[in-house]
Structure formats: structure tokens, C-alpha cells
Amino acid sequence: MAKIIRKSDSFYPIYEHKSGAKDVTHYCPGCGHGVLHKLIAEALDDFQIRDRTILMSPVGCSVFAYYYFRVGNIQCSHGRAPAVATGIKRVFPESIVISYQGDGDLAAIGGNNIIQAANRGENITVFFVNNAIYGMTGGQMAPTTLVGQKTTTSPRGRSVANEGYPVAVSEMLATLKAPVYIERVALTDAKNTNKVRHAVRKALQIQIENKGFSLVEVLSACPSGWKMTPVQAKQWITDYMCKQFPLGVFRDTSAEIEPSPAVKNEFISHDLFKKLDIPDKPFRAVKSETPPVNYQNPRLKIAGFGGQGILLLGLGIAQAGMQMGYQVSWIPSYGPEMRGGTANCHVNLSNKRIGSPVVSQPSTLIAMNLPSLEKFECEVIPGGLIIYDSSLINRPPARKDVEVLGIPATKIADDLGNTRIANMVILGAYIARTSIIPRQVVVDTLPVFIKRKNLVPLNVKAVDKGIEYVSQ
Amino acid sequence: MGKQLIKGNEAIVKGAILAGCRYFFGYPITPASEIAEAAAFYMPLVGGTFLQAESEVASINMLYGAASGGIRAMTASSSPGISLKQEGISYCAGSELPIVIVDIMRGGPGLGNIAPEQSDYNQMVKGGGHGNYKLIVLAPNSAQEMCDLTMLAFELADKYRNPAVILADGFIGQMMEPVEFPKAVEKIPEKEWALHADADDEKKLICSIQLDPDVLEKHNLKLQEKYKKIAAEVRFEEYYCDDADLVLIGFGVVSRVLLSVVDILREKGQRIGLLRPISLWPFPSFQIAQLAQKIKHFLVVELSNGQLVDDVKLAVNGKKPVLFYNRMGGIVPSPEEIIAHIEKTVKA
Amino acid sequence: MVEKGGLEKAKVIIREDECKGCGLCIEACPVDVLFEQNVLNRMGYHPAGYKGEGCTGCGICFYQCPEPGAITVFKKGYVEEEVT
């Protein structure tokens, strides 16, 4: 044991960031923050972890904790220190991350953040200073303000009817499974202060050993906010706060967990294309004959009801079209058009840059149910093409200025044993009628967008049936 | 190399990973959720971290913490979620943290709907949070640009120690197009200011509070100086502007529709062009002012109540008429609709 | 005082300019060797002082004092060289 008890090395010798006197803190006389700072700094010295410690300064009186702690410092927005701590700890799992928070910060505005960080079992240490008041802003009511306690925003005393009861953070968090250690201590007499010292060290030790989340709630005096002398304030903690907030260990599973070393993140930069499912081969467009002029650069609208594979049909055309070297775009039904249980997508294949991906005047409409035909028939450009599933639509399109192709796609699919491949029958019919994509390209690209590979042969069969129907 | 038919939202994640991003913190929201989903799938495969935060507010603050460590990190959301993140974005701007935020805009105000709008222009370009700050805002209009501009966003964010934004709409996020993925970024710049969990950290501070008015003013002046430098990063695309009488201005999915408008009207012999801002901040004010010298009219088309049009008017400075056409609620106008408007309102 | 490296008596040193006069050290001292001084320091507080005799080096005052650098406690047998 050191023979001299003095200012820890984990404090800056001079508080450079602070304005005014750079050798004293900004805290009021008798404030508990300073004592807790000293106990934390001493532990950082003794455990030799100062070099890898990163401290979250909150919003509240300890907003300037970074003036003092000679560590990596991050000043956080109000209540978010546990989220910020999570971020930096995930980057440096080997670091020691401390979230230092007051009661307004942690239990009011940041209530969810502390619950969720605790529930994730973040391997961080939280020091929660509970002084039952908002000190920095001038003594307003805190979530931990005692019933009847007068503050500037509870001038007649906290009323249960209006403001509810004080929040018992330690008890609440102790109901979660992940936290390893939660204790409430009080900065009062020498004996209790020694308990705070031990709790601080234990909480940090748990993080050093990579065991998980710990929180030490420290009942702490705010003589200015309470309008008491420092000596009276300490007595008030004992007489009143400790009754509302009983001291003790609320959760401690540290003995059950084996210490483990922190695992550093490995930045993987090899085989990225493979890992990201990006084809790593140079792209080569498939050459083929030019389709008839009226089928070139098609703008397709494909519509039906959900479950018919409308989006997949569009995707098949886009995928194969890309392989042909076309510019392509595909947009699923989205936004207001989704209403009414219909599904549709817009597909463009073009020799030049595609402007609007939204197909307002389709050159080809594929309609797989009657509502779709009724809704979109009028949009097709004169001389365009309408393909419809004649097994589900009992009236042909009314338009006389367009080319019409009816195909009993659903019946053909049923005959093949799977209603859901009617979309591929249509795909076959479309490419056969327009010659825009050779069969082989479609067959080659099917595995790219059909997730269940065992279904690929059946889909090929459906495409062939569609081609066969049109060619008859 | 590596051409793939892919959704814009997914292209963002792949582009980010190729740019060296290994941290994603997010919260689900339509129409941006595919970004979180793709990040959840791919990040663990490349030694990265994906964490679904408890809220939008938590996710931007996790990003704040992670970016303090000098790595490349991102989040993604959509309009109402971005509103929630604004305080954290202001902190990141104040603390000069290079982060990337993706906003796949949807309809508003309030819960609005999930259809594409562009009504987040002001909250991203003008700074929806408090304080005197600027975000670098890039507006892709294709799946390819979702990848490319995401990679650029990381580069610019690091170069200037400033948050960068990908501002896209629901259509650009949901649309699939071929993307040719570039090679991965080999080296991410070293950041001396960042925390490294080592002995040097005691000299560093990630912080946006400056209590002394003189010091805070100095900090603000420094930021403004930086923003002047970033102005050089302006990016835009001109399409048939050289001999145009009428120049259309729009970004994101609107610029795609306007491209069709130009193609259709050029075929009819009309002298019409398109200026597409790719960076919304810095804004191509100079180029628009130049055009104002020689053209007759501008027509700004937006999926909002008119936000981009204000910046265009500032750039034109009264020299030429700035006409405006808009849709709201998630409706994307067709080329024909815009052409009809032009024919009705623009006198040659 | 004894030779360097020898046995020194316990003592407490209070940096008066860092003391905010909260009195917690005085209240807590089990042997009552601290007192409030009449003088005002640069911040306008009456700083605590050591009576000069009787300190046991227990350190209780150090852990009651909120200021990191205001109090230094020397235990019996401390080595002068440690003081920096």
C-alpha cells in the first residue's frame, strides 16, 4: 500500500480544457462527484488501465468530467452515454469504457438507453450518480427526487399524484438477465465511502475480465441543489435517501462467469466480392439477333395479385435483359400503387440510358388477373402488346389498336403440377413472341433469381411450355 | 468487374463495405429496412459489426461513439427516423465526426406514408438539427450511384471530418438496376484526432461543448472555413444544357423522369436540357448562375412543397424566371404529366 | 523530521488554494486535527488547515474531500522522495 495518498495520475495534472482556475474542479463545495471521480481515478491507477480507458461524459453536472480524467474522452448528448459507450466499445473491445451519468441523464431522458445497454450485456461500467435532483440546470425535479422533496419544478414537494414515485434504477435493472453486477452505495461516512471504493473497483474488475455489464448507483450529495451545508447534505442521504433507495447488492453473477480475454475485431478485406455475393467475372453481354422494331426497348408493366410471382417475372426479364447487354431497371409495386392487394412491377430494357424507371405508358402489359387488365389496359401505347393469362381472365382486352396475346398460363402451370410457375409460362411466351431474349439466356439466368435451386428445372420446363404455346 | 442486378438499398451496403465501412447501427423503417437487413447479413462476414439499436436516437449515438474510434461507420433510416436522429447529427457535426447517414425519404409530415417524397431536402441540406453546421449531401439517381456515392460519402466524410449524407427516395432505394462494383478501398486514412484506446488518448477529446462564447465562436468560424473548402466538391450532371432555352432541375428519381422529358421533347426539336445536382450541398449555385446568363427559363420539379427550388432561386438571383412543378404524398409524376405542364406554362 | 528513507511521522498537507471550505474533512477526521482557517483563499473560501500534530495518516479526510488535489496524506514511514 502506497505510503502517500494523493491526487491520482489518472487525473490531468492541470485541467487544460477548463476555463478559470485549472487546478480545481468546477464542482460546488461538498459535491459527491469529486469524491467519486477520485475513487474511479485511483482504481484506474491501481489497475493500470488508464491508457486504454475511454470515459463518457454525460449532460448534467458531470458534463465536464473530461476536464479531469486523463483518459480518452467522449462528451455525449443527454442520456445517450450508454449508446455512445456501446459504439466505441464495439470498436475497441479491449478498451475499458466507463459511462458516467447522473439521474436526469440516466433515469429520465436516457431511460431506454441504459435499459437496453444493460440488457445487451455490454461489457461496460456505468457509474450512476443519484442525487435526487437536476444540479446543473439549477435544482429541478429528477426521476429520483423523493416524494415530498421540494425542487424548483416541484415547489410544493414531489406529489405522487402528479409526478409518480422515484425511479429505483438498480432494482429495475436487476430484473434483467444480462447485467453481471449492480450495487447501490452511498457517499456518506468513511465506512460507506469505503464501500463505494470497493464497488467501483469491483465493477471495473468485471470489465477488465470481460465478464459483462456492471452498474454502481452512488447516492451522492448535492448541497447546492438541496440548499444544505455539505455536512447536512451527507446526513440527509443517510436519513432520507437511504430509506427510499436501500443500499446493497442487487445483482452479482460475477463469480459464476469465467474471465476471458477481449477479442479484437479483425478487419477482413480479402475475397470481398465473394463474401458480398458479387460476381467476380468480367461481364460479357450475350450477342443475338435484333428483335422486330416494335418490340425493341420495351417498357413493361407486369401486374396481377400477390402470390402470382409478378415481381419474380419482372426480375427474370430484367436479369436476362442485363445479360443481353441492355440497360435495365425494375421497380416493384410500391407506395400508393400497393393498395388493393394487387402486385405490379415496372421493367425497362433499353439500348440507351433509361430515364424514368416508372412505366407510365407501357409498350407491353402483362396482366395476370382481371383487375390488372382493367386498370392498365388503357395505358398501353398504340401498337403495343398485351399478354394476359386467359385461364384467369374471361374477357379479352377491349383495345383494338394493340397486339393481344392470351395464354392459359395458370392452366399450363397446373398441368405441370405447380400453379406458382404460371409466371414462367408467361415469361416463355413473352420472349417467344418478341425475340427480345433468346431462350438459352433466360435458362442461364434463372438460377440467379430463383432461390430454391431444386425448382430451377421445373421453371425451365414452364418457360419452354410458354415458348411452345406461342410457337404453335 | 462484378456486374449485378441489385436493389439500390442493397448496393449501398455493398458499396459501404467496399469503402471499408465495418460498423452499422440502425433501426428498422420502411422504405430503408433493406439496408439494415443487408448490413445484418454481410457485416459479420467481413469482420464487421451490425447492431440493431433500441431507437433511431440510440443508433446515431452509437455511431457517434464508434466514429470516435476513427473507423468507418454508418446508419440508415427514412424521414421520420431522420427527424429523431437530428440531435445526434448536430453533435456529430459539432464534434467533426466523419459518419455516413443514409436517408431513404418517404412521405410526410408526421407518419405520412412509405411512398417516395423528397421533403427531407431542408432537414438534410439546411441542417435539421440545431446549430451552424453543414452536412455533405449526395443525391443518387440510380442503383449504380447508390454504390458509388456511398463510397464517395465515406471518402469525403474522412477528408473533411464531416458527416456525409446519402439522400435518396423510396424509388431509388427499391429499384433494381445493374451495378458494376468497383474494387475495394485498400487503405482507410489514419486519423490522428481519433481515439485508439491507447496512451495517446489522453490528448484527445471528442466533444461539441464549448462553454466560453469566444471559444465557441472560434470553433464555428473554423467550421465555416471548412465548409468553404468543401464547396469545391460540388457535383452535378448537365444533359443537353448547351443550347437549351429551358433547363429542368431535379434530383433523385425526379431527375430520371426529367431525363425522359428531355429525350421526348428533344426528339420534337425543342431546346430543352437538364441540370441534375448530384451534391445538394455543396449546391451547384455557380453552374446555375452561369446557365441563368444564357437560357430563358428554369423549371424545378420536386416531390415536395418546394425546397430545392429555394436554392435554385438564390442561385438564379432574379435573373430569369424559375418555374416550379411538384407532387406530394408519394406521387411521382410521369414524363407526360410534366410535358403537359411545360406546354401549358412555358412560353417560348 | 528524520533522515531520507527513514521513518517519518504521518501528516496531512492541504493545498489551501484548492480547498472549497466544505468542511467534510474536518467533520470526518477521527482525531480532530483539521480545522477551518480564518483566512480566505483566492476563491473566497475559508480553507481547512492541519493543526500540525496528531495526524494518524488514516486517509479518511482524503476520501471525504471532493477535490482531487486539495489533500495529500502521508502515512507513517513515508519516503520523502515520493513527493513530487
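Which strands of chain A does helix α10 (residues 230-244) of chain A lie across? In this predicted model, the helix α10(A) lies across β5 (125-130), β6 (181-186) and β7 (214-219) of chain A. Its direction runs at about 130 degrees to β7(A).

Those strands belong to a bigger picture. Eight strands make up an open sheet with mixed pairing, and reading across it gives β8(A)-β6(A)-β7(A)-β5(A)-β4(A)-β2(A)-β3(A)-β9(B). At the edges stand β8 (248-252) of chain A and β9 (205-206) of chain B; each has a single partner strand, so one side of each is left without a neighbour in the sheet. Helix α3 (residues 81-91) of chain A also packs on this sheet, where it touches β2, β3 (72-75) and β4 of chain A. The direction of α3(A) makes about 175 degrees with that of β4(A).

Now for the pairing itself. Strands of a sheet pair through backbone hydrogen bonds, either parallel or antiparallel. Within chain A, β2 (residues 53-57) and β4 (residues 96-102) run parallel and are joined by four bridges. One spot to look for is A:Ile54, whose bridge partner in β4(A) is A:Val97. Where the sheet passes from chain A to chain B, β3(A) and β9(B) run parallel too, with two bridges between them. Here A:Ile74 stands opposite B:Ile206.

That crossing leads to the contact between chain A and chain B. It takes 70 residues from chain A and 74 residues from chain B. The size of an interface is often given as the accessible area lost when the parts come together. For chain A and chain B, about 6100 Å² is buried, with carbon and sulfur atoms giving 65% of it. Five salt bridges are counted between the two chains. One of them links the side chains of B:Glu237 and A:Arg353, at 2.6 Å from N to O. On top of that come 24 residue pairs in polar contact across the interface of chain A and chain B. On the chain A side, the elements that supply two or more residues are β3, α3, α5 (111-120), α11 (272-275), α12 (310-323) and β10 (327-332). The helix α3(A) gives the most, with seven residues. Sorted by class, the chain A side has 34 nonpolar, 21 polar and 15 charged residues.

Chain C meets chain A as well. In this contact, 32 residues of chain C face 32 residues of chain A. The area buried between chain C and chain A comes to about 2700 Å², of which 60% is on carbon and sulfur atoms. The count here is one salt bridge. It pairs C:Arg42 with A:Asp23, and the closest N and O atoms are 2.7 Å apart. Polar contacts across the interface of chain C and chain A amount to 14 residue pairs. From chain C, α1 (24-28), α2 (60-64) and β4 (71-74) each bring at least two residues to the side that touches chain A. That side of chain C divides into 16 nonpolar, seven polar and nine charged residues.

Strand pairing turns up between these chains too. Strand β1 (residues 4-5) of chain A and β4(C) run antiparallel, joined by two bridges. In this pairing A:Ile4 stands opposite C:Phe74.

Terms used:
Residues are numbered from 1 along each chain as its sequence is written. Chains are lettered from A and ligands numbered from 1 in the order in which they are written. This is a predicted model: local features need pLDDT of at least 70, side-chain atom pairs count only at pLDDT 80 or more; totals for chains, interfaces and linings use all residues. Side-chain values use heavy atoms; hydrogens and water are left out. Contact means heavy atoms within 4.5 Å. Buried area is the accessible area (1.4 Å probe) that two parts lose on being put together, summed over both. A salt bridge is a side-chain nitrogen of Lys or Arg within 4 Å of a carboxyl oxygen of Asp or Glu. A polar contact is a pair of N or O atoms within 3.5 Å; within protein, one must be able to donate a hydrogen and the other to accept it, and residues adjacent in sequence count only if both atoms are side-chain atoms. Ala, Val, Leu, Ile, Met, Phe, Trp, Tyr, Cys and Pro count as nonpolar, Asp, Glu, Lys and Arg as charged, and the others, Gly among them, as polar. Two strands pair if DSSP finds at least two bridges between them. Axes are lines fitted to C-alpha atoms, for helices over the stretch in contact, and angles run from 0 to 180 degrees between N-to-C directions.
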